[in-house]
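Me: I have a model to go through with you. Let us take it question by question.

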Amino acid sequence: METGVAGELVQGYGSVAAIFAVIAKTAWDEYRSRRLDKAKSSAEVDLVERLSKQLELSEARGVAHQLRADEIAKERNLLYQTVGELKGEVAGMRAELRAARMEISQLRGVAYVPAEPT
């Protein structure tokens with residue numbers, strides 16, 4: 001069976017077309033792979049940037065909260081000190097009141113009987 005020149009041309013063009021199809025598919029796959037890698041890299045960069053911003057914001061909030069906690073601790077310590085001073089003053093006043101009552105009782109000539117603390 002003779003194919004002739006036309007048959008050889010068809011076989012030659014068919015081979016060229018097959019080779020071209022393989023090259024085109026390989027190029028398309030490579031292009032798509034690179035595009036996906038680029039998108040993936042871009043997404044990773046965006047994610048890292050977003051997480052970095054969130055971290056900075058969290059750190060700033062942490063510093064603000066720590067400063068507020070320090071301020072509250074100072075206020076609490078001042079209140080403890082004030083309460084301690086007031087307790088001392090009340091104890092002193094009670095002692096003065098007791099002494100005054102004893103003196104009044106002596107001036108009246110009545111025996112002083114301290115009241116039970118409530």
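Me: Is D29 buried, partly exposed or exposed?
Reply: This is a predicted model. Buried means under 20% relative accessible area and exposed over 50%. D29 has a relative accessible area of 31%. That value falls between the two cut-offs, so D29 is partly exposed.

Me: Which residue forms a salt bridge with D29?
Reply: A salt bridge needs a side-chain nitrogen of Lys or Arg within 4 Å of a carboxyl oxygen of Asp or Glu. For D29, the closest N and O atoms of the bridge are 3.0 Å apart. The partner is K25.

Me: How many residues apart are D29 and K25, and in which helix?
Reply: The two lie about one turn of the helix from each other. Both belong to helix α1, and they are four residues apart.

Me: Is K25 buried, partly exposed or exposed?
Reply: The relative accessible area of K25 is 52%. Exposed means over 50%. K25 is therefore exposed.

Me: How many salt bridges does the structure hold?
Reply: D29 with K25 is one of them. R34 forms another with E30, the closest N and O atoms being 2.9 Å apart. E71 also forms one with R68, again with the closest N and O atoms 2.9 Å apart. The count for the structure is three.

Me: What separates R34 and E30 along helix α1?
Reply: R34 and E30 are four residues apart in helix α1. That spacing means they are separated by about one helical turn.

Me: Which of R34 and E30 counts as exposed, and which as partly exposed?
Reply: The cut-off for exposed is over 50%. E30 has 40% relative accessibility, so E30 counts as partly exposed. At 57%, R34 counts as exposed.

Me: How many residues apart are E71 and R68, and what is their exposure?
Reply: E71 and R68 both lie in helix α1, three residues apart, about one turn of the helix. Relative accessibility is 40% for E71 and 41% for R68. E71 counts as partly exposed, and R68 counts as partly exposed.

Me: Which residues make the aromatic pair?
Reply: A search of the whole structure finds one aromatic pair. Its ring centres are 5.5 Å apart. The residues are W28 and Y31.

Me: Why is the W28 and Y31 pair tilted?
Reply: Planes under 30 degrees apart count as stacked, and over 60 as edge-to-face. The planes of W28 and Y31 are at 40°, so the pair is tilted.

Me: Where do W28 and Y31 lie, and how exposed are they?
Reply: Both lie in helix α1 (residues 4-108), three residues apart, about one turn of the helix. W28 has a relative accessible area of 46% and is partly exposed. Y31, at 45%, counts as partly exposed.

Me: Is S105 buried or exposed?
Reply: S105 has its place in helix α1. Its relative accessibility is 13%. Buried means under 20%, so S105 counts as buried.

Me: Which residues does S105 touch?
Reply: Residues up to four places away in sequence are not counted. Contact means heavy atoms within 4.5 Å. S105 touches V110, A111 and Y112.

Me: What share of the protein counts as buried?
Reply: The protein has one helix and zero strands. It exposes about 11000 Å², with carbon and sulfur atoms supplying 62% of that area. Of its 118 residues, the share that counts as buried is 1%.

Definitions and conventions
Residues are numbered from 1 along each chain as its sequence is written. This is a predicted model: local features need pLDDT of at least 70, side-chain atom pairs count only at pLDDT 80 or more; totals for chains, interfaces and linings use all residues. Side-chain values use heavy atoms; hydrogens and water are left out. Buried means under 20% relative accessible area, exposed over 50%, partly exposed in between (1.4 Å probe, protein chains only). Accessible areas come from the Shrake-Rupley method with a 1.4 Å probe; for residues, only the protein chains shown count as cover. Rings of Phe, Tyr and Trp (its six-membered ring) pair if their centres lie within 6.5 Å; planes under 30 degrees apart count as stacked, over 60 as edge-to-face and the rest as tilted.
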